[in-house]
Amino acid sequence: MKRELLVQLIALFLATQALGLYTAEFLIRENVQATLVTDNPEDLENSVGLFVYILGFTAVLLVLIKFLKEKWMYLVFKLLESSAVFFTALLVFNAFTDHIGIVVAAAGLVGARIVFAKNLLLRNAATVLSSAGAGALIGVSLGVFPVVVFLALLCVYDYIAVFKTKHMVTLAKSITRKNLSFTYALPTPEHVFELGAGDMVLPLTFAASTLDAAKPLHMFPFYWVPPAVVLLASLAGLLLTIWYSSRHVGKALPALPLQGIFMLIAWGLTKLAGF
């Protein structure tokens, strides 16, 4: 793996996870959760329901890609991006301050993304904020076991969607052509590698959930052990996937299955160690 690709990947991963965990700790402290399907974070209906939401949303996007003209498709995706970036950035900013200026800052980021749509640095900044906010909120709204089930379902789905039905490849190509904040851009002199935001959001979701579970049981800094171990395992899986992709440019490869396996093993080890 080229050095510039490795540095970018690690920097984006650390920025997303650090912001996300800071936001998650704020949400835990303020007792803020989202109702996904039921009010009980430990209910497995939330795992299945969230998975079904993703399937349905993906199906709608694929239909729109097939039948909408390119101009209208870009407007739809841009509206989705703007809404996601605004509300998730607002969530992250609110973890630092409740000043009314955070609304202006979030709106400014959305406006900058519209005006400077091709700027990769700005796009990555928006993706970092949106991934941090989404992962933190979902993580504190689900118990650890429901997250494990949700992650397992997504790993299987990701494998099928990339290697069997290949509809995820179609969706990814459509998104990357529009330079939207649903993926991270990792440019090198030879190629711009694209990494789906889900490959950052899901590790953060798992880590935030383990943080929420460990905090009432352990003193500082020991309650940080489970999320730290989960994220290190995730990064290892991600690096291996990107390393393989960098040697096979043009070959679609889902990062989540390997990340998921590594994270589940790491989480199991923390449980055996008493965390």
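Are Phe 51 and Tyr 157 buried or exposed? Here are a few notes to help you find your way around this predicted model.

1. Let's begin with that question. Phe 51 is buried, and Tyr 157 is buried too.

2. A search for aromatic pairs across the whole structure turns up seven. In one of them, the ring centres of Phe 51 and Tyr 157 lie 5.9 Å apart with the planes at 85°, which is over the 60 degrees needed, so this pair counts as edge-to-face. Phe 51 belongs to helix α2 (residues 44–67) and Tyr 157 to helix α6 (residues 144–164), so you will see the pair link distant parts of the chain, 106 residues apart.

3. Another pair to look at is Tyr 223 with Trp 224: the centres are 5.9 Å apart and the planes meet at 40°, so the pair is tilted. Tyr 223 counts as buried, at 10% relative accessibility, while Trp 224 is partly exposed, at 22% relative accessible area. Together with Phe 220, Tyr 223 and Trp 224 make up one aromatic cluster.

4. A ring also has a charged partner at Phe 67: the charged end of Lys 66 sits over the ring, 5.9 Å from its centre.

5. Now for the strands. Strand β1 (residues 183–187) has four of its five residues buried, so the rest of the structure largely encloses β1. Strand β2 (residues 192–196) runs antiparallel to β1, and five bridges join the two. If you would like one bridge to locate, Tyr 184 has Leu 195 in β2 as its partner. The connection from β1 to β2 is a hairpin through four residues.

Conventions: Residues numbered from 1 in each chain as written. Predicted model: local features only at pLDDT ≥ 70, side-chain atom pairs only at ≥ 80, totals over all residues. Heavy atoms only, no water. Buried < 20%, exposed > 50% of the residue type's maximum accessible area, 1.4 Å probe, protein only. Pairing = 2+ DSSP bridges. Phe/Tyr/Trp six-rings, centres within 6.5 Å; stacked < 30°, edge-to-face > 60°. Lys NZ or Arg CZ within 6 Å of the ring centre and 35° of its normal.
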